[in-house]
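Please look through the sequence and the structure shown here before reading on. The paragraphs that follow lead through them step by step.

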Amino acid sequence: MKKAMIGGGILMLVGVIILALTVRGGTRSPREWISGRFPAGGGGYQSGQPPIRTAGEIIGHSRPVDRVYDPAGVFLRYPGAVVAVLPAATGSVIHVDTPERGYQRWRGYVNGRWGGPGGRASLFRGGGPGGGK
Amino acid sequence: MSGGGAKPDERKKKKGNGGWIGCLIVLAAFALTVVLPIGWSLWDEGAFDPDLSDDMTAVALGPAETARLAERLQEASRRHGICYGWEVDADTGAPVEVGSNLGAGVDARKADKATCPEWIVLKADYFYLDKEWSSVGYTVLDSYDAVQFSLDELTSSGVLDGTELGERGVAQLADAIGSLPLLAAEADLAPALPAQEQVFSPSATVDDELDSGRGAGWWFLVGLGSLLVGLGLLWIIRSAVKEWKWRRGL
């Protein structure tokens, strides 16, 4: 019984650590940080810097799991949020949405890269020629 | 009482079996946590691919991707009066890929002045080694004499990383090309493009939705963690039940 308690306990501990790191791992949502860092306005939050620089600042604080740099703006995907950094008259305007709402809202720019028919992304995937399966 | 003498031997035998089962569980856990992930990684890297020759025809961007890039650059080009394009050398032996808002294979630099009064082109030079891209160098070429475009903002924030291409090799290239109109607006060469919500996309269908964002690796780790917890729990419960039966003389 003692051996089973030790062996089983170690297995469970390793399993719990793997689960905790996997589920909790990744990146923090930048929602709160953005609301504290940038003043509200223009239907979102305002930045005095252009989109690429503003997006760089947000990425520096919280690394997204995916991103799209489009002529219309920068779109960052987090596990719990989609952040759009769009050009404004002076600087940028930042929109923060839930992933589903953000995908619907900016689908014209991120479609094919973050999703698609049946939820399958098809464009610009992988590491290039020979980059794995 | 006559049969009672045999029972302790049987119990000892069963106890011995329990040790073997424990060892098997530990071996299975080792295989799942160490051997399988390493094997998966090697397979993913192509270590078991039968064809070890380099692919001399591999290109960076497929037809759907070049069409998407050209489409996305068209509106910016129209509003800015600047042609945007790309030149990609995948270094595989395949022809250099060229394209622009004018279409796949159309070099903005060679277009007539009426079509492209000014142009900005992203040049990407890959280094192809051992069947994969090992690094890339990006350069912005343009028709302006006094403007110096820089990708430093993208590099410093890790969006472009010439040496760590990973699974984002192609996405990085698309981001670099997609950034050109933003860079032009930053340099005050053109107005920023207004973004429109829910832009109609001809490729969009009714079931167009966001992917889960969790790749096979995430699900594998969740499954592995759950399996280990389950096995550990099963081991303890099994041992506890056996001991309980032994104490009760069952």
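In chain B, 62% of the contacts between residues at least 6 apart in sequence join residues that are at least 24 apart. The model is a predicted one, and every value given below is to be read with that in mind. Chain B has 250 residues, of which 30% count as buried, and its secondary structure comes to six helices and six strands. Read from the N terminus, the elements of chain B follow the order α-α-β-β-β-β-β-α-α-α-β-α.

The strands of chain B are a convenient place to begin. Five of them form an open sheet of mixed pairing, in the order S3-S2-S1-S4-S5. S3 and S5 (132-142) of chain B stand at the edges with a single partner strand each, so that one side of each is left without a neighbour in the sheet. S4(B) and S5(B) run antiparallel and are joined by ten bridges, and within this pairing B:Ala124 stands opposite B:Tyr138 of S5(B).

Turning to the helices, H2 of chain B covers residues 63-80, and its 18 residues should span 26 Å at 1.5 Å a residue, which agrees with the 25 Å that separates its end C-alpha atoms. H2(B) nevertheless has a bend of about 30° at B:Gln74. Its buried residues are B:Glu65, B:Thr66, B:Arg68, B:Leu69, B:Ala70, B:Arg72, B:Leu73, B:Ala76, B:Ser77 and B:His80. An α-helix has 3.6 residues a turn, so residues three or four places apart point the same way. The cover over the buried residues of H2(B) includes S3 of chain A, and from chain B it includes S1 (82-89), S2 (97-100), S3 (103-104), H4 and H5 (180-186). After H2(B) comes B:Gly81, which has a positive phi, near 70°.

Where do the nonpolar residues gather into a core, and which of them touch the most other members? The largest nonpolar core has 75 residues, and those that touch the most other members are A:Phe75, A:Leu76, A:Val83, A:Ile94, B:Tyr84, B:Leu173 and B:Ile177. The largest share of this core, seven residues, is supplied by S4 of chain B, residues 118-129. Apart from it lies another core, of nine residues, including A:Ala4, A:Leu11, B:Leu228 and B:Leu231. As for B:Tyr84 in the larger set, its contacts beyond four places in sequence are with B:Leu73, B:Ala76, B:Ser77, B:Ser100, B:Asn101, B:Ala108, B:Ile120, B:Leu180 and B:Pro181; of these, B:Leu73, B:Ala76 and B:Ser77 are among the buried residues of H2(B).

The two chains also meet each other, with 63 residues of chain A in contact with 77 residues of chain B. On chain A, the elements that each supply at least two residues of the side touching chain B are H1 (2-24), H3 (51-61), S3 (66-70), S4 (73-78), S5 (81-87), H4 (99-105), H5 (107-110) and S7 (115-117). H1(A) gives the largest share of that side, 14 residues. Sorted by class, the side of chain A that touches chain B holds 30 nonpolar, 22 polar and eleven charged residues. Strands pair across the chains as well, since S7(A) and S6 of chain B (residues 208-210) are joined in the antiparallel sense over three bridges, with A:Pro117 opposite B:Asp208 of S6(B).

One residue in this setting is B:Val170, which lies in H4 of chain B, residues 169-178. Is B:Val170 buried or exposed? B:Val170 has 22 other C-beta atoms within 10 Å and is therefore buried, the cut-off being 20 or more. Beyond its neighbours within four places in sequence, B:Val170 is in contact with A:Phe124, A:Arg125, A:Gly126, A:Gly128 and B:Ala60. The C-alpha atoms of B:Val170 and B:Glu65 are separated by 9.7 Å, although the two residues are 105 residues apart along the chain.

A:Phe124, one of those contacts of B:Val170, lies in the segment after S7 of chain A. A:Phe124 counts as buried because it has 24 C-beta neighbours inside 10 Å, and its phi is positive, near 55°, in a residue other than glycine. B:Asp188, in the loop between H5 and S6 of chain B, likewise is not a glycine and has a positive phi, of about 60°. B:Asp188, however, has 8 other C-beta atoms within 10 Å and is therefore exposed.

Terms used. Residues are numbered from 1 along each chain as its sequence is written. Chains are lettered from A and ligands numbered from 1 in the order in which they are written. This is a predicted model: local features need pLDDT of at least 70, side-chain atom pairs count only at pLDDT 80 or more; totals for chains, interfaces and linings use all residues. Two residues are in contact if their C-beta atoms, placed from the backbone, lie within 7 Å. Helices (H or I, at least four residues) and strands (E, at least two) are DSSP runs, numbered from the N terminus. Ala, Val, Leu, Ile, Met, Phe, Trp, Tyr, Cys and Pro count as nonpolar, Asp, Glu, Lys and Arg as charged, and the others, Gly among them, as polar. Two strands pair if DSSP finds at least two bridges between them. A residue is buried if 20 or more other C-beta atoms lie within 10 Å of its own, exposed if 12 or fewer, and partly exposed in between; C-beta atoms are placed from the backbone. The expected span of a helix is 1.5 Å times one less than its number of residues. The bend at a residue is the angle between axes fitted to the seven residues ending there and the seven starting there. A nonpolar core is a set of buried Ala, Val, Leu, Ile, Met, Phe, Trp, Tyr and Cys residues joined through C-beta atoms within 7 Å.
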